[in-house]
Amino acid sequence: MNVLHTTVSKIANILLAKNIGACDVDNYNIVSFDIFDTLIIRNNLNKPSDLFDLINDAEFKTKRIEAEKLARAKAAKSEITLDDIYEHLPLYDSGIEIEAECSVCKSNSEMIPLFNYCRHSGKRILIISDMYLSSNVLTRILISAGYDVNGVDICVSSEYKDTKQSGKLYESVLREKHLDPGRMLHIGDNFQSDYIMAKRNGINAFLYKKDLK
Ligand SMILES: [Mg+2]
């Protein structure tokens, strides 16, 4: 193990030890990450819907929130896509929201070393997200934030039609990718979706909370 590897390993494990004590990433050869508030931070947004303030239209925010509610009601328990939301916004272009989303998404400097360490260690990496955006848009966001996602599986609820929140997205990903949950660590910021539900599927989990600056 060279000096760089040792240093990055220390950074990664200090980070992992921050909340839950002993949890060594080297014990796992499959690591999955949540995206929002884990790998990616939305710059200057207090809550996700603040994004809609960036669209230059006084009525957009109210209409966009209502459209998402309608799309979720129509889909019942299934997960929705951005197109499902924009079916209820016929006068608006989802591309403008995607551009706004991309403009505020930045890498989380605390996670980059850990992500890169996992890559350099040859671990299998997945990204598992409950999100209405497509995997293509998420890939674009991650690449522009500086993550090398070549060979990384991006598994998103909008495409699987299952969520982490219900636990079923983990179930589907494990089955489809033929993964052994016992060799897998999931890292994310949501207690229910990223911690409880990962554990319920036999995956070890690390509940990550970014330090408030
Ligand atoms: Mg999150």
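User: Is Arg119 buried or exposed?
Analyst: Arg119 is partly exposed, at a relative accessible area of 26%; buried means under 20%, exposed over 50% and partly exposed in between, with a 1.4 Å probe and protein chains only. This is a predicted model, where local features need pLDDT of at least 70, side-chain atom pairs count only at pLDDT 80 or more, and totals for chains, interfaces and linings use all residues. Residues are numbered from 1 along each chain as its sequence is written, and side-chain values use heavy atoms, with hydrogens and water left out.

User: What does Arg119 touch?
Analyst: Leaving aside residues up to four places away in sequence, Arg119 touches Ile125, Asp148, Val149, Asn150 and Val152 (contact: heavy atoms within 4.5 Å).

User: And how far apart are the C-alpha atoms of Arg119 and Asn150?
Analyst: They are separated by 9.9 Å, with the two residues 31 apart along the chain.

User: Switching to the metal. What coordinates the magnesium ion?
Analyst: Asp34 (OD), Phe36 (O) and Asp189 (OD) do, at 2.1 to 2.2 Å. Donors are N, O and S atoms within 2.8 Å of the metal (3.2 Å for Na, K and Ca); water is not among the atoms, so sites may look incomplete.

User: Which of the accessibility classes does Phe36 fall in?
Analyst: Phe36 counts as buried, at 11% relative accessibility. Asp189 is also buried, with a relative accessible area of 16%.

User: Which domains does the lining of the largest pocket draw on?
Analyst: Domain 1 (3-43 + 107-207) and domain 2 (48-103) each give at least three residues; the bounds come from an automatic or database domain assignment.
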